[in-house]
Amino acid sequence: MREIILHSLGMRKVQTASLILSIALSVMTLFALALTYGGVQQGVAMNEQRSGAELMAVPRGAADEISDTSLLFTGTPASIYVPSSESARIASLPGVARTTDRFYSQSLGGGCCSVGGDMRIVGVDFGTDWTIQPFAHVDLSGGLGSGNVILGSTVGGDVGGTITLLGRTYTIVDKLEASGSDLDSSILLDIGEARAASEASTGLSYLWSKYGAASDLVSSVLIDIDDSLDKTALDQLENRIEGGGTLTVIERASAVAQAQSSLSTVFSILLAVCVIMFASTLLQLFARFYSCVWERKSELALYRAVGATGRQLRQLIGGELAIITGLGLVAGFAAGAAFYTVLLQQLQESQAFMFIGLSPAMVALIVILLAAIFGLLGIAAIAMPFSQLSKLDPSLAMQQSDID
């Protein structure tokens, strides 16, 4: 039976190849879209579940270097500083529930430190911070210690190992869970240690000549607000924070909305393409197998004449469908994984957004779901041909001259 099925497909190379390609393109687009959209939604959900700061105050000039979303969602390095007195001023404003400071050091690469790719050293005031603990596996309430470091989820290194930063060696005590934010690409030190190591680095001395001693500087202030504040009161608070002309405020909710709005157009276009491809695949499958019995009635009648049963003829048609669908799925999932990688890279280069890749179990579920959908689609396509096989009259069919 296998040889007969392969021979039958080989006799119709163009039809077979076009169906496999159609299925593969549909699966590729649907798979890549599901992985990308699922990762974005998981990133947003994770951050909402483990809420961070509602506002971020950064030096006013930061907006000229890096977009709001890049500051929130990526490890993009930024040498931005203001006096630490600004943090104390913000903490004293009415409507501010709590604040914590961050100190950004520099971009890291394999040339200066034992990490791969570009990362960002971030000094964290663990005594006041509430945004990192939800993603950590160790208790940070007592601080981190000067000789320890925490890695973001995408930073190379293992817990218990060591890492060299700015000429100093640190022990890795934890690796954060994926957050979809700047934490994923950050290397976290105690804020005092980050300041001291940065100030001692000769490569960064130009910064302290410009801004002053690192021990007196902060790069950003994370702010939680009172739940009682309405929109008007929030706007007034932001004006007070920015009142001195030194700082600008990034509103986390609006930055997330901005990123999602930018992505919605891309997802809508991809979804439309998916629908069109899926409809085209459905029509091709249905047309191919709906007409196959009558177009090939002499061929099928010949099989009946030499002893093939109706069940074996159904195995022939079903086998062709299984091979076409199976090859289309395999090619589609492979192409979809590659397309997903390229698509995600292109999106991240043009727009920063929250993203957490789906777990292997979720990816497997998507694969099973898509395979089931196309399997059911194929079964629906051959339902009518199966019923036609029972009506095939071998004696009449053999009188035709359409045997391939």
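Is Y211 buried, exposed or partly exposed? Y211 is partly exposed, because its relative accessible area is 29%. Buried means under 20% relative accessible area, exposed means over 50%, and partly exposed is in between (1.4 Å probe, protein chains only).

This is a predicted model, in which local features need pLDDT of at least 70, side-chain atom pairs count only at pLDDT 80 or more, and totals for chains, interfaces and linings use all residues. Residues are numbered from 1 along each chain as its sequence is written, and side-chain values use heavy atoms, with hydrogens and water left out.

## The chain as a whole

The chain has 13 helices and 11 strands. Helices (H or I, at least four residues) and strands (E, at least two) are DSSP runs, numbered from the N terminus. Of the 404 residues in the chain, 47% are buried. Contact means heavy atoms within 4.5 Å. Take the contacts between residues at least 6 apart in sequence: 78% of them join residues at least 24 apart.

## The nonpolar cores

A nonpolar core is a set of buried Ala, Val, Leu, Ile, Met, Phe, Trp, Tyr and Cys residues joined through side-chain atoms within 4.5 Å. The largest one has 32 residues, and L285 and F374 touch the most other members. Four elements give two or more residues to this core: α2 (13-49), α9 (252-295), α11 (310-350) and α12 (360-389). The most come from α2, which gives 10 residues.

What does L285 touch, not counting residues up to four places away in sequence? Its partners are L19, I23, L321, L377, G378 and A381. Apart from this core lies another, of 22 residues, including I121, L151, I191 and L204.

## Aromatic pairs

Rings of Phe, Tyr and Trp (its six-membered ring) pair if their centres lie within 6.5 Å; planes under 30 degrees apart count as stacked, over 60 as edge-to-face and the rest as tilted. The structure holds 6 aromatic pairs. Two of them are set out here.

| Pair | Centres apart | Angle of planes | Kind |
|---|---|---|---|
| F31 and F333 | 5.2 Å | 80° | edge-to-face |
| Y81 and Y211 | 5.2 Å | 65° | edge-to-face |

F31 lies in helix α2 and F333 in helix α11, so their pair links distant parts of the chain, 302 residues apart. Both F31 and F333 are buried.

Y81 lies in the loop between α4 (68-73) and β2 (82-83), and Y211 lies in helix α7 (residues 205-211). Their pair therefore ties together parts that are 130 residues apart in sequence. Y81 counts as buried, at 5% relative accessibility. Y81 and Y211 also belong to one aromatic cluster with F103 and W208.

## Two leucines and their distant partners

L33 is in helix α2. At 10% relative accessibility, L33 counts as buried. Its C-alpha atom is 7.3 Å from that of F267, although the two residues are 234 residues apart along the chain. Leaving aside neighbours within four places in sequence, L33 is in contact with G38, F267, L270, L271 and C274.

L343 is in helix α11. L343 counts as buried too, at 12% relative accessibility. L343 and T36 are 307 residues apart in sequence, yet 8.1 Å apart C-alpha to C-alpha. L343 touches T36 and L270, not counting residues up to four places away in sequence.

## Two buried aspartates

A salt bridge is a side-chain nitrogen of Lys or Arg within 4 Å of a carboxyl oxygen of Asp or Glu. Lys and Arg count as positive and Asp and Glu as negative; His and the chain ends are not counted. A polar contact is a pair of N or O atoms within 3.5 Å; within protein, one must be able to donate a hydrogen and the other to accept it, and residues adjacent in sequence count only if both atoms are side-chain atoms.

D174 lies in strand β7 (residues 168-175). Which side chain of opposite charge is nearest to D174? That is K175, 9.8 Å away; D174 is buried yet has no salt bridge. The side chain of D174 does reach the backbone nitrogen of H137, at 2.8 Å.

D101 is in strand β3 (residues 96-108). D101 is also buried without a salt bridge, and the nearest side chain of opposite charge, R195, is 4.9 Å away. A polar contact of 2.5 Å joins the side chains of D101 and S87.
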